[in-house]
Amino acid sequence: MESRAEKIDREMCEYEAAILKPVAQSMDAIGDHAGTSSPVKLERRDPDDGGAGAPPATPGSDTVVLTETAKPELKRPPMFRVILLNDDYTPQEFVVHVLETFFGMDHDKAWQLMMAVHTTGSATVGIYPRDVAETKSEQVNAYSQQNKYPLLSTVEMTD
Ligand code: TYC
């Protein structure tokens with residue numbers, strides 16, 4: 001005759017085998033696939049079909065397929081424009097030299113852009129990721145100051 005303590009023990013073993021193990025296995029399966037786009041397939045089996053190691057159940061009403069698709073990483077990094085400002089004192093030739101030196105422009109392109117700034121007040125001279133834009137702008141401002149010219153550039157986020 002089974003004692004009360006033995007009965008509790010047996011019921012706990014049955015509970016573990018029937019509920020806890022399948023749940024733990026399912027969570028392992030999901031964990032292994034987290035963050036990927038691979039589908040996660042969980043199969044429900046008959047309790048008496050042999051368990052782990054037995055051939056998979058035939059797909060049908062007894063098969064549960066959970067598909068977990070990771071969100072695709074489509075976001076581009078934000079881009080920033082370097083804007084050159086006009087002033088009344090910096091020589092045109094110096095501005096052209098700056099555009100050639102820090103923005104890799106050929107002489108004609110540099111003259112064109114310098115004239116655009118000269119006539120309109122400002123113009124975008126390049127678009128880059130934030131750190132590149134900030135470095136270039138600082139280089140232009142420091143170089144102009146070293147040469148005693150008031151030439152300035154600023155950085156602005158693109159829309
Ligand atoms: N306006 C200046 C001049 O006439 C030339 C100049 C052009 C200065 C562009 C700054 O960003 C600039 N000497």
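In this predicted model, helix α4 has 17 residues, and the distance from its first C-alpha to its last is 24 Å, close to the 24 Å expected at 1.5 Å a residue. The buried residues of this helix are A133, S137 and V140. Seen down the axis of α4, these buried residues fall within an arc of 60 degrees, so they line one face of the helix. The other side of α4 has a contrasting character: D131, E138, A142, Q145 and Q146 are exposed there. As for what lies against the buried face, the buried residues of α4 pack against β3, α2, β4 and β5.

The chain beyond this helix is also worth a look. α4 is followed by K148, whose phi is positive, with a value near 65 degrees in a residue other than glycine. K148 belongs to the loop between α4 and β5 (residues 152–157). Is K148 buried or exposed? With 8 other C-beta atoms within 10 Å, K148 is exposed, because a residue with 12 or fewer such neighbours is placed in that class.

It helps to set α4 within the chain as a whole. The protein chain has four helices and five strands, and from the N terminus on these elements run α-β-β-β-α-α-β-α-β. Of its 159 residues, 12% count as buried. Contacts across long stretches of sequence are well represented: among contacts between residues at least 6 apart in sequence, 63% join residues at least 24 apart.

A second helix, α2, can be read in the manner of α4. Its 12 residues should span 16 Å at 1.5 Å a residue, and its end C-alpha atoms are 16 Å apart, which agrees. Which residues of α2 are buried? They are V95, V96, V98 and L99. Viewed down the axis of α2, its buried residues fall within an arc of 155 degrees, so here too they line one face of the helix. The cover over these buried residues includes α3, β4 (122–129) and α4 (130–146). Just after α2 comes G104, which takes a positive phi of about 60 degrees.

The buried side of α2 leads into the interior of the protein. The largest nonpolar core has 15 residues, and those with the most contacts inside it are V95, L99, L113 and M114. The elements that give two or more residues to this core are β3, α2, α3 and α4. The surroundings of L99 can be followed in detail. Leaving aside neighbours within four places in sequence, L99 is in contact with M105, A110, L113, M114 and V125.

The strands show how separate parts of the sequence meet. I83 is found in strand β3, and with 18 C-beta neighbours inside 10 Å this residue counts as partly exposed. I83 and S122 are 39 residues apart along the chain, yet their C-alpha atoms are separated by 6.6 Å. Not counting residues up to four places away in sequence, I83 touches S122, A123, T124, S153, T154 and E156.

One of these partners, T124, is found in strand β4. T124 is partly exposed, with 14 other C-beta atoms within 10 Å. Apart from neighbours within four places in sequence, T124 is in contact with R81, V82 and I83. T154, another residue touched by I83, is 30 residues from T124 in sequence and 9.5 Å from it in space, C-alpha to C-alpha.

The last part of the picture is the ligand and its surroundings. Which of the 13 residues around the ligand come nearest? They are L84, T90, V95, V117 and H118. The elements that give two or more residues to this shell are β3 (79–85), α2 (92–103) and α3 (107–120). The largest share, three residues, comes from α3. By type, the shell residues divide into seven nonpolar, four polar and two charged. V95 links several parts of this account: it is one of the buried residues of α2, it is among the residues with the most contacts inside the largest nonpolar core, and it is one of those that come nearest to the ligand.

Methods. Residues are numbered from 1 along each chain as its sequence is written. This is a predicted model: local features need pLDDT of at least 70, side-chain atom pairs count only at pLDDT 80 or more; totals for chains, interfaces and linings use all residues. A residue is near a molecule or strand if its C-beta atom, placed from the backbone, lies within 6 Å of it. Ala, Val, Leu, Ile, Met, Phe, Trp, Tyr, Cys and Pro count as nonpolar, Asp, Glu, Lys and Arg as charged, and the others, Gly among them, as polar. The expected span of a helix is 1.5 Å times one less than its number of residues. A residue is buried if 20 or more other C-beta atoms lie within 10 Å of its own, exposed if 12 or fewer, and partly exposed in between; C-beta atoms are placed from the backbone. The arc is that of the directions from the helix axis to the C-beta atoms. Two residues are in contact if their C-beta atoms, placed from the backbone, lie within 7 Å. A nonpolar core is a set of buried Ala, Val, Leu, Ile, Met, Phe, Trp, Tyr and Cys residues joined through C-beta atoms within 7 Å.
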